[in-house]
Amino acid sequence: MARILIVDDSELILQMLQMVVAQAGHETVTADGYLTAETAYRSDPPDIVVTDLNLPDSDDPVGGFIALGSAPVIIVSGRPQAELDELAQNRGAAGAVSKDAGMMGMMATLPPLLGRLAG
């Protein structure tokens, strides 16, 4: 079981992601913004970070989390999956999941990605 830090400024998406991650058997820690997540990361580093690409309190949350430590970062955003995959590769993220796929899509793609990274 990995400890996953989930960051999203939408309470609904945060709850959905938390449910998907918990059902996959992982411990969850949530934050509704980058600054809160950064504090949580520094006090008890997670094994993996799942973060929204667009947060109101950070221009580059992916780069920020990568700079904080060694936890792999997964991008979650409302952009198309192909675009997110390219962004993840270009920004050094370990993977990406599109919110456009809805709950079922996130349930199909996020747990295997977490499993691979938690390894």
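The following paragraphs describe the nonpolar cores, a helix, the strands, a loop residue and the salt bridges of a predicted model.

The largest nonpolar core contains 21 residues, and Leu5, Val7, Val49, Phe65 and Ile75 touch the most other members. Two or more residues of this core come from each of strand E1 (3–7), strand E2 (27–31), helix H2 (34–43), helix H3 (61–68), strand E4 (73–77) and helix H4 (81–91). The largest share, four residues, is given by H2. A second core, separate from this one, has 19 residues, including Ile6, Ile13, Leu17 and Ile74. In soluble globular proteins, nonpolar side chains tend to be buried together.

Val49 illustrates the contacts made by a member of the largest core. Apart from residues up to four places away in sequence, Val49 touches Leu5, Tyr41, Phe65, Ala71, Pro72, Val73 and Ile74. One of these contacts, Pro72, lies in the loop between H3 and E4. Pro72 has a relative accessible area of 22% and is therefore partly exposed, since buried residues have under 20%. When neighbours within four places in sequence are left aside, the contacts of Pro72 are Asp47, Ile48, Val49, Ala94 and Leu117. The C-alpha atoms of Pro72 and Ile48 are 5.1 Å apart in space, although the two residues are 24 residues apart in sequence.

Helix H1 covers residues 11–23, a run of 13 residues. From its first C-alpha to its last, H1 reaches 18 Å, which is close to the 18 Å expected at 1.5 Å a residue. Ile13, Leu14, Met16, Leu17, Val20 and Val21 are the buried residues of H1. Viewed down the axis of H1, these buried residues fall within an arc of 165 degrees, so they line one face of the helix. Leu12 and Gln23, on the other side of H1, are exposed. The buried residues of H1 pack against E1, E2, E3, E4 and helix H5 (102–118). Two of the buried residues of H1, Ile13 and Leu17, also belong to the second core. After H1 comes Gly25, whose phi is positive, near 90 degrees.

Strand E1 is mostly covered, with five of its five residues buried. In a regular strand the side chains alternate between the two faces of the sheet. In E1, Arg3, Leu5 and Val7 lie on one side, Ile4 and Ile6 lie on the other, and all are buried. The two nonpolar cores both draw on this strand: Leu5 and Val7 are members of the largest core, while Ile6 is included in the second. E1 and E2 run parallel and are joined by five bridges. Within this pairing, Ile4 stands opposite Thr28 in E2.

A similar description can be given for strand E5 (residues 95–98), where Gly95 and Val97 point one way, Ala96 and Ser98 point the other way, and all are buried. E5 pairs with E4 in the parallel sense over four bridges. Ser98 in E5 is the bridge partner of Ser77.

Seven salt bridges are found in the structure. In one of them, Arg3 is joined to Glu27, and the closest N and O atoms are 3.6 Å apart. Arg3 lies in strand E1 and Glu27 in strand E2, so this salt bridge ties together parts that are 24 residues apart in sequence. Arg3 is buried, with a relative accessible area of 14%, whereas Glu27 is partly exposed at 36%. Arg3 and Glu27 also form a network of salt bridges with Asp44.

Another salt bridge joins Asp60 and Arg91, whose closest N and O atoms are 4.0 Å apart. This pair links distant parts of the chain, 31 residues apart, with Asp60 in the loop between strand E3 (48–52) and H3 and Arg91 in helix H4. Both residues are partly exposed: the relative accessible area is 37% for Asp60 and 36% for Arg91. A further salt bridge is formed by the side chains of Glu83 and Arg79, at 3.3 Å from N to O. Glu83 is partly exposed, with a relative accessible area of 36%, and Arg79 is also partly exposed, at 28%.

Conventions: Residues are numbered from 1 along each chain as its sequence is written. This is a predicted model: local features need pLDDT of at least 70, side-chain atom pairs count only at pLDDT 80 or more; totals for chains, interfaces and linings use all residues. Side-chain values use heavy atoms; hydrogens and water are left out. A nonpolar core is a set of buried Ala, Val, Leu, Ile, Met, Phe, Trp, Tyr and Cys residues joined through side-chain atoms within 4.5 Å. Buried means under 20% relative accessible area, exposed over 50%, partly exposed in between (1.4 Å probe, protein chains only). Contact means heavy atoms within 4.5 Å. The expected span of a helix is 1.5 Å times one less than its number of residues. The arc is that of the directions from the helix axis to the C-beta atoms. Two strands pair if DSSP finds at least two bridges between them.
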